[in-house]
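Q: Please take a close look at one part of this model, namely its second largest pocket, and describe how the lining is made up. A short account of one helix packing would also be welcome.

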Amino acid sequence: MRGHRMIKLAYTIAGYLLTPFLSLWLFRRAARGKEEQARLRERFGYAALARPAGRLVWLHAASVGEVQSVLALVRALLDRYEDIQLLITTGTVTSARLVTNQKLPRTIHQYIPIDTHASIKRFLNHWQPDLALWVESEFWPQLLWQLKQRRVPTLLINARMSAHSLKGWQRSPRTIRSMLHCFTMIYAGSSEDAERLRLLGATEVIEAGNLKYDAAALPASASTLGALGEMCGQRIVWLAASTHANEEQMVAEMHRTLADKIPGLLTAIVPRHARRGDAIAADLRSRGIKVAQRSRSEPITHDTAIYLADTMGELGIFYRLSGVVFLGGSLVAHGGQNPLEPARLNCAIVTGPHTHNFAAIVTDLRRAEALRQVADVEQLKQAVLGLLTDDTSRKAMAARAAAAVNAARGAGARILQSVETILGDNTPLVRSA
């Protein structure tokens with residue numbers, strides 16, 4: 001107990017000492033467009049809006065991926081409890097926009113405050129949540145300690161703990177144990193996550209399944225999809241989705257080989273960061289490749305080799321246009337992208353060796369023979385060629401992927417049952433000051 005108090009004291013003092021440097025860091029991020037200048041006060045716990053009357057559920061989802069994984073649960077929660085207000089916090093500009101664009105009823109968005117004693121106290125004094133839902137794997141000591149001190153029921157949902165993170169936290173066993181004990185219940189995304197969390201000292205752990213399986217299919221504008229389909233005509237289309245630096249060049253060289261074997265082939269590339277579009281287009285053109293750039297409204301013509309879809313929020317369109325998908329961030333050491341998104345949309349999926357961001361999902365889909373994982377670009381070329389030239393295999397693989405996703409749904413319903421146990425029907429919870 002004394003060791004725990006010393007950890008808290010040391011962390012609190014460090015927070016006070018580092019606050020000026022954190023302020024400078026945030027202002028620099030704002031200058032680079034990574035923070036909203038007009039909302040920086042929220043990062044210090046100052047609320048931009050009044051707390052609504054009645055019961056308030058607070059949900060924290062760090063970034064875009066976490067927000068997308070909980071949207072179905074959020075909507076179910078709002079439907080189930082018409083009397084509650086919802087506060088969603090995130091840590092990035094893109095995730096803030098995603099929350100705002102959902103136009104969820106009775107929902108407020110704020111930025112998560114920095115994890116100092118003063119900022120967290122200010123935040124919690126204002127919002128006074130009745131229930132806190134924490135998504136995946138962000139552990140902020142000061143915030144969790146203060147939630148426990150105030151006796152706010154706190155659930156860790158879709159909890160993740162990678163093998164790499166386990167090793168890191170094992171070097172600070174008292175700190176991680178003190179944080180894990182702040183959660184009323186932990187809902188692990190997989191059996192591996194649950195076991196690692198128990199190894200770190202968590203006791204109230206349930207393997208609920210991965211919320212990402214419950215997410216809805218990515219949307220697509222019917223008119224845009226139709227217009228692009230007309231431009232593609234009868235050409236075979238395949239997609240390199242969410243690519244990172246250097247992967248576009250690999251895909252472009254693949255296109256040359258594949259197009260020799262599949263006349264009229266069209267390769268679509270959706271870069272993970274749309275702002276890289278002009279640089280990618282210039283590089284590909286310097287290699288003698290005919291590119292049409294979506295952000296500049298350039299049409300697909302008969303001699304377009306690569307369609308560069310350097311726009312935001314349109315992946316759902318290109319998954320629907322393409323029967324075969326390579327998931328980027330996996331030929332380079334980024335860690336891969338979410339394979340469930342193309343799996344829901346009738347795609348055959350190929351990924352590279354670096355998939356640690358979605359390790360459990362990739363393992364599940366590989367076991368179902370619903371995803372192919374390759375070691376390098378040469379193997380990727382052969383896998384894509386095989387799927388593009390064997391329609392029966394492609395359709396069977398896509399069907400297995402959709403079936404695997406549907407079979408693994410249900411984590412949200414299991415978590416909602418626990419939320420109902422805490423919230424009850426209409427009885428407000430008692431908060432301590």
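A: The account below takes the pocket and then the helix pair. The model is a predicted one.

The second largest pocket holds about 680 Å³ of space. Its lining consists of 32 residues, and those closest to the centre of the pocket are G189, S190, D193, N210 and A360. Three helices, α6 (163-169), α8 (191-199) and α14 (359-367), each contribute at least two residues to this lining. Among the contributors, α14 gives the most, with six residues. In terms of chemical class, the lining of the second largest pocket contains ten nonpolar, twelve polar and ten charged residues.

The helix packing concerns α4, which spans residues 117-127, and α5, which spans residues 141-149. Their axes lie 9 Å apart and form an angle of about 45 degrees. Because of that angle, α4 is oblique to α5. The two helices, α4 and α5, make a right-handed crossing. On the α4 side, the residues that take part in the contact are H117, I120, K121 and L124. They meet Q142, L143, Q146 and L147 of α5. Sorted by class, the contact of α4 with α5 comprises four nonpolar residues, three polar residues and one charged residue.

Terms used:
Residues numbered from 1 in each chain as written. Predicted model: local features only at pLDDT ≥ 70, side-chain atom pairs only at ≥ 80, totals over all residues. Heavy atoms only, no water. 1 Å grid on protein atoms, 1.4 Å probe; cavity = no way out; pocket = protein on both sides within 12 Å on 5 of 7 lines; lining within 4 Å. Points joined across faces, edges and corners; volume = space filled by probe spheres on them. Helix = DSSP H or I, 4+ residues; strand = E, 2+ residues; numbered from the N terminus. Nonpolar A, V, L, I, M, F, W, Y, C, P; charged D, E, K, R; others polar. Axes fitted to C-alpha atoms, helices over the stretch in contact; angles between N-to-C directions. Parallel < 35°, antiparallel > 145°, perpendicular 65-115°, else oblique. Left-handed = near helix turned anticlockwise from the far one by under 90°. Contact = heavy atoms within 4.5 Å.
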